[in-house]
Amino acid sequence: MRGVNRYVRNLRSAFSQKTHHQTDVLRRGQRQKQLVHTNSESFFIVKSDKFRSPKYLNLRALSVDAAKLCNGDYNVAGPLVEYERRIAAGELVDGDSCQVGTLRELQRLYDELVNSAEACRLDRYAVSEKSGRSRWLWSRFIPQSSYSPVKGLYLYGGVGTGKTMLMDLFFDQLPSNWRKKRIHFHDFMLNVHSRLQRHKGVADPLEVVAGEISDEAILLCLDEFMVTDVADALILNRLFGHLFSNGVILVATSNRAPDKLYEGGLQRDLFLPFISTLKERCVTHEIGSATDYRKMTSAERGFYFVGNGASTFLKQKFQQLIGKSIARPHEVEVVMGRILQVPSGANGCAYFPFEELCNKPLGAADYFGLFKKFHTLALEGIPIFGLHNRTSAYRFVTLVDVMYENKARLLCTAEGSPRELFEKVVTISDAQQIAPRTSARSQKNDVSDLCVDNELGFAKDRTISRLTEINSKEYLEQHAQLVAEKRKWQEDDNQDALQS
């Protein structure tokens, strides 16, 4: 009975989505009738009353075939078309020319993939079912190499420029029957290391793991490509060498240009071949925008407490969120049998002192495990970061990345604003701009506890930007909606269990 109920729910959902899609295509067609043709390009003008003023006039060249639209073909799809639809619907802020240039690249890739879907073996139902280990065993006898005829795309740029949003928009437009995966880079590498553990006895476990991954997804979308761990750095070239050889197409976003990846890292000379491989198999595109769209959200500092009495406010807010539930210690399962101890938690909310979560030897795997069980984190006592707690700063950056990826909510007390937390963390070039001590500038005026770290100095801008967005009204509303949807699914499952 439980299975039947879930089947009926899914059937209704599928019918609803199909109806919505048909309506959306019709609306899209009506909007695309308003195209004005100039030479070989098409310009899209939104003519609804809401957008009549010059402020909302949206005149932009689209990378679609104008002839198709004139002939009534309204099934034109892709990220650029969807981007225009969302702006017209008021779902997105009208982006700058840099975002539009990036969308052109994504649309170009989308069109190439659609035209080469068969050659790229994207259809999951048209490929043979071979396990990664079987593929590896067969390749011992008949060496095979099948590079994709389509190159991937590596997008990089400053924080808050919309890289993740643009890649998600691209991914959401891809056909559902394609072998595709969208995953955060941290999560991807944790998955790789977990698979390597399972294939320890094999002569080349990386080849087996690459075979498994390429069986699951030919189009691999990795968000926040950032290499800081030497263990990751040393295997990336061989791993992606196998993946590309298996026909995998990579779409990645990063804050860093390919040549800047793992800059200053241990044994970087062994990592450099990967950069060459990456540039060979991907088109590199920089998002040159200087706008941080995260900081354009409506600020709401209700969950970020600074100053005297902040700890009391945090505990009061935590108690309000858990309601009548009683907070107690929990254990969270992490990868490879590890357990994360949660000091206090209830009703989807976890409470941690900063030292318990960022001073101990924890990493992305622990944080992913935490947010799979808890949707809200109350973190007490975030310090000002400097040389003395650089390792904790790295963990905090990872924690915020994982939290943001999982759309979790943060309540915290801190010694300063997000920007003040990282004032003592600088890159080498920043440090060189600091004036040297002179007779007129005594040692007392020197910045004490200055942390000169290229990778951390670069990552801090992303963390500051994300902490700002996490405390925005828009983010908190989205979080509340996701939590409500999850609770509804749990209630439906409980009802199914009672009926069965």
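This passage describes the nonpolar cores, the salt bridges and selected buried residues of a predicted model.

The largest nonpolar core comprises 45 residues, and the residues with the most contacts inside it are Leu357, Leu370, Leu377, Leu379, Phe396 and Leu399. Two or more residues are given to this core by each of several elements, namely strand 11 (339–346), strand 12 (349–353), helix 12 (354–359), helix 13 (364–373), strand 13 (376–382), helix 14 (390–405), strand 14 (409–414) and helix 17 (454–470). Of these elements, helix 14 supplies the largest share, which amounts to eight residues. Phe396, listed among the residues with the most contacts inside the core, is in contact with Phe354, Cys358, Leu379, Ile382, Phe385, Phe422, Thr463 and Leu467 when neighbours within four places in sequence are left aside. A second core, separate from the one just described, contains 34 residues, among them Ile183, Val209, Ala233 and Leu236. In soluble globular proteins, nonpolar side chains tend to be buried together.

Ala210 was examined as an individual buried position. This residue lies in helix 8 (residues 205–216), and its relative accessible area of 0% places it in the buried class, for which the limit is under 20%. Apart from residues up to four places away in sequence, Ala210 touches Leu239, His242, Leu243 and Asn246. The C-alpha atom of Ala210 is separated by 9.4 Å from that of Arg238, a residue 28 places away along the chain.

Among charged side chains, the count of salt bridges comes to 23. One of them joins Glu105 to Arg108, with the closest N and O atoms 3.0 Å apart. Both residues belong to helix 4 (residues 97–115) and, because they are three residues apart in that helix, they are separated by about one helical turn. Glu105 counts as partly exposed at 22% relative accessibility, and Arg108 is likewise partly exposed, with a relative accessible area of 26%.

A salt bridge between distant parts of the chain is formed by Asp223 and Arg182, for which the closest N and O atoms are 3.3 Å apart. Here Asp223 is located in strand 6 (residues 219–223) and Arg182 in strand 5 (residues 180–184), the two residues being 41 positions apart in the chain. Asp223 has a relative accessibility of 1% and therefore counts as buried, given that the class extends to values under 20%.

The side chains of Glu356 and Lys360 also meet in a salt bridge, with an N to O distance of 2.9 Å. Both partners are partly exposed, Glu356 with a relative accessible area of 30% and Lys360 with a relative accessibility of 38%. Beyond these pairs, a network of salt bridges links Lys181, Arg195, Arg198, Glu212 and Glu216.

With respect to cysteine pairing, the count of disulfides in the model comes to zero. Cys282 counts as buried at 3% relative accessibility, and Cys412 is also buried, at a relative accessibility of 0%.

Terms used
Residues are numbered from 1 along each chain as its sequence is written. This is a predicted model: local features need pLDDT of at least 70, side-chain atom pairs count only at pLDDT 80 or more; totals for chains, interfaces and linings use all residues. Side-chain values use heavy atoms; hydrogens and water are left out. A salt bridge is a side-chain nitrogen of Lys or Arg within 4 Å of a carboxyl oxygen of Asp or Glu. Helices (H or I, at least four residues) and strands (E, at least two) are DSSP runs, numbered from the N terminus. Buried means under 20% relative accessible area, exposed over 50%, partly exposed in between (1.4 Å probe, protein chains only). Contact means heavy atoms within 4.5 Å. A disulfide is a pair of cysteine sulfur atoms within 2.5 Å. A nonpolar core is a set of buried Ala, Val, Leu, Ile, Met, Phe, Trp, Tyr and Cys residues joined through side-chain atoms within 4.5 Å.
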